[in-house]
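Q: Please take a close look at one part of this structure. I want a residue-level account in plain terms.

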Amino acid sequence: MNKITAMAPANIAFIKYWGKQNENLRLPVNSSISMNLSGVYTNTTVEFSHEFKSDEIKCLDKNFNHSEKIRIIQHLDRIRKLAKINLSARVVTRNNFPRSVGIASSASGFAALTLAGSIAAGLNLSPKELTILARLGSGSACRSIPDGFVEWLAGNDSESSYAYSLYDKNYWDICDLLVLVSSKAKHVSTTGGMEKAATSPLWPNRTAQIPTRISQIKLALKDKNFSFFGEVLEEECLEMHAVMQSQNPPLNYWTDETKMIMQMVGGWRRDGIAVYFTIDAGPNVHIILEKSNVELIKNKLREKFSPDQMIVNNPADGAHLISESLF
Ligand code: DP6
């Protein structure tokens, strides 16, 4: 059968996914909105063959641990079931960013695996079906399939929980300046962490107001109203982290450097520069800004951070096939 390679970007959530209505199906409690990132991505090659005795799974930049391998094999099983094949697979994958720096690789990883794996298995899934399959591997992975700016509809069953492109990558010249900070915090998986979301006393308030916030961010996107957009995305980030920090047991992904960058962003804004931050499940800070301000902010960051700690991301396409094969 064919050997297929796909590339998929990581994405940054403007409206966050934190909490599931169904663990097995990875159905989120609320819809979420994100942007694909041009500078952080995963390439994955998949081949199914009679020649392989069992699934062979390899990550070129860092070995997968046992539970990561199991999760990938479970995803291959979903693909085999859909394609009605019984062949073992070889999967070789490479992230262009070190997984140890705390950037989640599950979104780009499961999106690339879904696209390459489904085609290698002979399936011809629609864009919507691809997002549903990717979601079963890791929720946020469904948002790395469509292009540009993406909404994942929460839905109430597997069919109705899918992602689609709101706008393509050329719609708006905004950037995500990702600052990598050293992580000394103990890593807690997002899957395990979000199981406890509803134990936070802030949870009822979050679920009540999230539909309003989704409407606000969509309106800001539609009008390209950057300051409104930034205010809403920062409020959303702070609320998700307040939920994390007040759940039982509490979960705190921030380090001193994370907090320092949040304060720097606030200071620059008081100086009249339109910059905002958002943070996913890790210590790294995504500074969201207009393209015209990227060099200015990079220069300011250089007082505290080295250039190799900064990754400039433009809005990017979603998962797509590439010709370069990893084996
Ligand atoms: C904080 O998609 O990694 O980044 O579905 O359990 O694999 P699983 O979770 P995952 O969660 C991402 C959570 C987040 C917010 C977001 O990306 O929306």
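A: Start with Lys84, which sits in the loop between H1 and strand S6 (88–95). The model is predicted. In it, Lys84 has a positive phi of about 55 degrees, although Lys84 is not a glycine.

Now turn to H1 itself and its partner. H1 packs with H3 at an angle of about 150 degrees, and their axes are 9 Å apart. An angle over 145 degrees counts as roughly antiparallel, so H1 and H3 fall in that group. Their crossing is right-handed. On the H1 side, the contact uses Arg71, His75, Arg78, Ile79 and Leu82. On the H3 side, Leu133, Ala134, Leu136 and Gly137 take part. By class, this contact has 5 nonpolar, 2 polar and 2 charged residues.

H3 also packs with another helix. Helix H2 (residues 106–120) meets H3 at an angle of about 125 degrees, with axes 9 Å apart. That angle makes H2 oblique to H3. The crossing is right-handed here too. From H2 come Phe110, Thr114, Leu115 and Ser118. From H3 come Leu130, Leu133, Ala134 and Gly137. The classes are 5 nonpolar and 3 polar, with no charged residues.

Put the two contacts side by side. Leu133, Ala134 and Gly137 of H3 appear in the contact with H1 and also in the contact with H2. Leu136 is listed for the contact with H1, while Leu130 is listed for the contact with H2.

What lines the second largest pocket? The lining consists of Arg78, Lys81, Leu82, Leu125, Glu129, Ile132, Leu133, Leu136, Ser158 and Glu159. Helix H1 (66–83) and helix H3 (127–137) are the elements that each give two or more residues. H3 gives the most, with 4 residues. The pocket has a volume of about 210 Å³. Its lining has 5 nonpolar, 1 polar and 4 charged residues. Some residues serve twice. Arg78 and Leu82 of H1 line the pocket and touch H3. Leu133 and Leu136 of H3 line the pocket and touch H1. Leu133 is also among the residues that meet H2.

For contrast, look at another helix pair. Helix H5 (residues 203–223) and H6 pack at an angle of about 160 degrees, with axes 10 Å apart. This makes H5 roughly antiparallel to H6. H5 passes H6 in a left-handed crossing. H5 contributes Trp203, Asn205, Arg206, Gln209, Ile210, Arg213, Gln216, Ile217, Leu219, Ala220 and Leu221. H6 contributes Phe228, Phe229, Val232, Leu233, Glu235, Glu236, Glu239, Met240 and Val243. The residues of this contact divide into 12 nonpolar, 3 polar and 5 charged.

One backbone detail follows H6. Pro249 lies in the loop between helix H6 (226–246) and helix H7 (256–270). The peptide bond from Asn248 to Pro249 is cis, with omega near 0 degrees.

Back to the main part. H3 packs with H1, packs with H2 and gives the most residues to the pocket lining.

Notes. Residues numbered from 1 in each chain as written. Predicted model: local features only at pLDDT ≥ 70, side-chain atom pairs only at ≥ 80, totals over all residues. Heavy atoms only, no water. 1 Å grid on protein atoms, 1.4 Å probe; cavity = no way out; pocket = protein on both sides within 12 Å on 5 of 7 lines; lining within 4 Å. Points joined across faces, edges and corners; volume = space filled by probe spheres on them. Nonpolar A, V, L, I, M, F, W, Y, C, P; charged D, E, K, R; others polar. Axes fitted to C-alpha atoms, helices over the stretch in contact; angles between N-to-C directions. Parallel < 35°, antiparallel > 145°, perpendicular 65-115°, else oblique. Left-handed = near helix turned anticlockwise from the far one by under 90°. Contact = heavy atoms within 4.5 Å.
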